[in-house]
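Let's take a friendly walk through this structure together. Keep the view open beside the text and look up each residue as we reach it.

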Amino acid sequence: GNISSPCPRQCFRARVWPQLLVVSLFDGVGGVWEALQALPFRVEGFATEVDQTLRKFIEIKWAFVQTMADASSITQEWIQNNIKVDDATLAPVLLVGGAPCGSPSPLGSQQSFTIEEGSLLNTFVRIRENMKAHCRGRKPFRWLFEETTSMRVEDRNRFSQLLGELAVAVHSADRG
């Protein structure tokens, strides 16, 4: 289930690419879909975004993405109906989320998390736990939640506490 090396050498020779199913929450302009185009996967997925104009943009630019307005519509029933764990062609499953540029961001006022932002993170955690349980033992499941690296230490600690994981800073320039 290693996302960084999804395909053995014979896949490259045969030009047979594994499929990656992505669920992107709070998708914004859909940067994740652009980034995934560089990977040797056939990508398909779902995106949630409240802004109707951005949803339309995503649908036009990436026809393989189905959009919906509200992440709260991703329930256990939705996961069971849309994340097919018995289909050998869909491996792995990736959940992606990101907080809007708000208070902890340098684009915002750099204040502490508000209840609204915390509820987005709580929505992500709920969906992550439901997807993890659904995929357990049947499909590789990975997740990523992106947030600004310039947030205050106390906000980063709260962020880690809500995720139940230590927040790790990765800078895009580290790619070399």
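A good place to begin is Arg-128, which forms a salt bridge with Glu-129, their closest N and O atoms lying 2.9 Å apart. Bear in mind as you look that this is a predicted model. The two partners sit in different surroundings: Arg-128 is buried, with a relative accessible area of 5%, whereas Glu-129 is partly exposed at 34%.

Glu-129 has a second partner. Lys-132 also makes a salt bridge with Glu-129, and here the closest N and O atoms are 3.4 Å apart. Both residues belong to helix α5 (residues 115-135), where a spacing of 3 residues puts about one helical turn between them. In general, an α-helix has 3.6 residues a turn, so residues three or four places apart point the same way. Lys-132 counts as partly exposed, at 26% relative accessibility. Taken together, Arg-128, Glu-129 and Lys-132 are linked in a network of salt bridges.

How many salt bridges does the structure hold? There are 3. Another of them joins the side chains of Glu-34 and Lys-61, with 3.7 Å from N to O. This pair ties together distant parts of the chain, since Glu-34 lies in helix α2 (residues 31-36) and Lys-61 lies in helix α3 (residues 52-61), 27 residues apart. Glu-34 is partly exposed, with a relative accessible area of 43%, and Lys-61 is partly exposed too, at 45%.

Now step back to see the whole chain. It contains 6 helices and 5 strands, and reading along the sequence gives the pattern α-β-α-β-α-β-α-β-α-β-α. Of the 176 residues in the chain, 41% are buried. Among contacts with a separation of 6 or more, 61% are between residues 24 or more positions apart. The accessible surface of the chain comes to about 10300 Å², and carbon and sulfur atoms account for 52% of that surface.

Next, look inside. The largest nonpolar core has 24 residues, and those with the most contacts inside it are Val-23, Leu-25, Ile-74, Trp-78, Ile-83, Leu-95 and Met-131. At least two residues of this core come from each of β1 (19-25), α4 (76-82), β4 (90-98), α5, β5 (141-146) and α6 (153-163). Helix α5 gives the largest share, with 6 residues. Ile-74 offers a useful viewpoint here: leaving aside its neighbours within four places in sequence, Ile-74 is in contact with Val-23, Leu-25, Thr-48, Met-68, Ile-79, Arg-126 and Ile-127. Apart from the largest core lies another core, of 13 residues, among them Ala-47, Ile-58, Trp-62 and Val-65.

Our last stop is α6. Which residues of α6 are buried? They are Asp-155, Phe-159, Ser-160 and Leu-163. These buried residues cover an arc of only 140° around the axis, so they lie on the same side of α6. Turn to the face pointing away from that buried side, and you will find the exposed residues Val-153 and Gln-161. Just after α6 comes Gly-164, which takes a positive phi of about 75°.

Definitions and conventions: Residues numbered from 1 in each chain as written. Predicted model: local features only at pLDDT ≥ 70, side-chain atom pairs only at ≥ 80, totals over all residues. Heavy atoms only, no water. Salt bridge = Lys/Arg side-chain N within 4 Å of Asp/Glu carboxyl O. Helix = DSSP H or I, 4+ residues; strand = E, 2+ residues; numbered from the N terminus. Buried < 20%, exposed > 50% of the residue type's maximum accessible area, 1.4 Å probe, protein only. Core = buried A, V, L, I, M, F, W, Y, C linked by side-chain atoms within 4.5 Å. Contact = heavy atoms within 4.5 Å. Arc of directions from axis to C-beta. Areas by Shrake-Rupley, 256 points an atom, 1.4 Å probe, with all protein chains shown as cover.
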